[in-house]
Amino acid sequence: TVGGLVGSNRGRLEHVSSTAAVAGSSYVGGLVGENSGVAAVVAASNASGVVNGSAHNVGGLVGANTAGASISNSQASGAVSGVQMVGGLVGLNQSASIVSSQASGKVTATGSYVGGLVGQNYAYGGSTDSLIEDSAATGDVSGSGGVGGLVGENYTLHSNRSAIIRGSQASGKVTASADSVGGLVGVNRSYSSTGLALVENSGASGHISGNNTVGGLVGIVTGK
């Protein structure tokens, strides 16, 4: 767990920033490696350094935002690279929230679930939905499969909670070497009987290219 300012955050970070270049394996972020728990808050903060992870959960601001944690009014502008679950702002957003935040850096991954803002938005158990609201990504994005201008995969599994993208935009070029590529979301899927994988009041304007299941908004929708 590696962050430009904090490795693992369980408290409140507000009006803080980092310009440091950050490198590590998994849970790597330009500001925070892992932001986890209902008391974990990142607000009105930013990171501008280049972030490089050799594995998964790599983000320009936070590597993984989980378990009721929140990010709001924050930005990341550095280039981000990794393997899987790689995002311009956050690599993995699991049962947590991202509101009124932006990413502008180029995002590059060799694997899947890659997004201009978030690599994977994943609702799994817990007491909260996985929410991305009023946020945006402008950087170019490239990866293997499950690649989106905003979110690589929006996903809920065995949960009464939902993975929600609302009021958000993407404008970067999106390129994938495999399948499931979208201007906004690469894969939108729900394997839950009660939870939803929901995209509403959101849009994309970037150029998209991939091998199969390529969409201007969403590459592939499965389940509910």
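A residue counts as buried when its relative accessible area is under 20%. In this predicted model, Tyr 155 has a relative accessible area of 10% and is therefore buried. The account below starts from Tyr 155 and then turns to the charged pairs.

Tyr 155 belongs to two aromatic pairs described here. A pair of aromatic rings is described by the distance of the centres and the angle of the planes. With Tyr 122, the ring of Tyr 155 forms a stacked pair, the centres lying 5.1 Å apart and the planes 10° from one another. Tyr 122 is part of strand 22 (residues 118-123) and Tyr 155 of strand 27, so this pair ties together parts that are 33 residues apart in sequence. Tyr 122 is buried, as is Tyr 155.

How do the rings of Tyr 155 and Tyr 191 lie, stacked or edge-to-face? Their centres are 6.1 Å apart and their planes stand at 85°, so the pair is edge-to-face. Tyr 191 lies in strand 32 while Tyr 155 lies in strand 27, so the contact between these rings ties together parts that are 36 residues apart in sequence. Unlike the buried Tyr 155, Tyr 191 is partly exposed, with a relative accessibility of 44%. The count of aromatic pairs in the model comes to three, and one aromatic cluster is formed by Tyr 122, Tyr 124, Tyr 155 and Tyr 191.

The surroundings of Tyr 155 also include a charge. Arg 189 lies over the face of Tyr 155, at 4.2 Å from the ring centre. Side chains of opposite charge can pair when their charged atoms come close. Arg 189 takes part in such a pair: a salt bridge joins Arg 189 to Glu 153, with the closest N and O atoms 2.5 Å apart. This salt bridge links distant parts of the chain, since Glu 153 is in strand 27 (residues 151-157) and Arg 189 in strand 32 (residues 185-191), 36 residues apart. Both partners, Glu 153 and Arg 189, are buried.

The model has five salt bridges by count. Two of them involve Arg 166. One joins the side chain of Arg 166 to that of Glu 133, at 3.4 Å from N to O. Arg 166 is in strand 28 (residues 163-166) and Glu 133 in strand 23 (residues 130-133), so the two residues tie together parts that are 33 residues apart in sequence. The other joins Glu 200 to Arg 166, at 2.5 Å from N to O. Here too distant parts of the chain are linked, with Glu 200 in strand 33 (residues 197-200) and Arg 166 in strand 28, 34 residues apart. Through shared partners, Glu 133, Arg 166 and Glu 200 are joined into one network of salt bridges. Two members of this network are partly exposed: Arg 166 has a relative accessible area of 26%, and Glu 200 has a relative accessibility of 27%.

A last point concerns Asn 212, which lies in strand 36 (residues 212-215). With a relative accessibility of 44%, Asn 212 counts as partly exposed. Which residues does Asn 212 contact, its neighbours within four places in sequence left aside? They are Ala 178, Asp 179 and Ser 180. Between Asn 212 and Ser 168, by comparison, the C-alpha to C-alpha distance is 25 Å, and the separation in sequence is 44 residues.

Definitions and conventions: Residues are numbered from 1 along each chain as its sequence is written. This is a predicted model: local features need pLDDT of at least 70, side-chain atom pairs count only at pLDDT 80 or more; totals for chains, interfaces and linings use all residues. Side-chain values use heavy atoms; hydrogens and water are left out. A salt bridge is a side-chain nitrogen of Lys or Arg within 4 Å of a carboxyl oxygen of Asp or Glu. Helices (H or I, at least four residues) and strands (E, at least two) are DSSP runs, numbered from the N terminus. Buried means under 20% relative accessible area, exposed over 50%, partly exposed in between (1.4 Å probe, protein chains only). Rings of Phe, Tyr and Trp (its six-membered ring) pair if their centres lie within 6.5 Å; planes under 30 degrees apart count as stacked, over 60 as edge-to-face and the rest as tilted. A charge sits over a ring if NZ of Lys or CZ of Arg is within 6 Å of the ring centre and within 35 degrees of the ring normal. Contact means heavy atoms within 4.5 Å.
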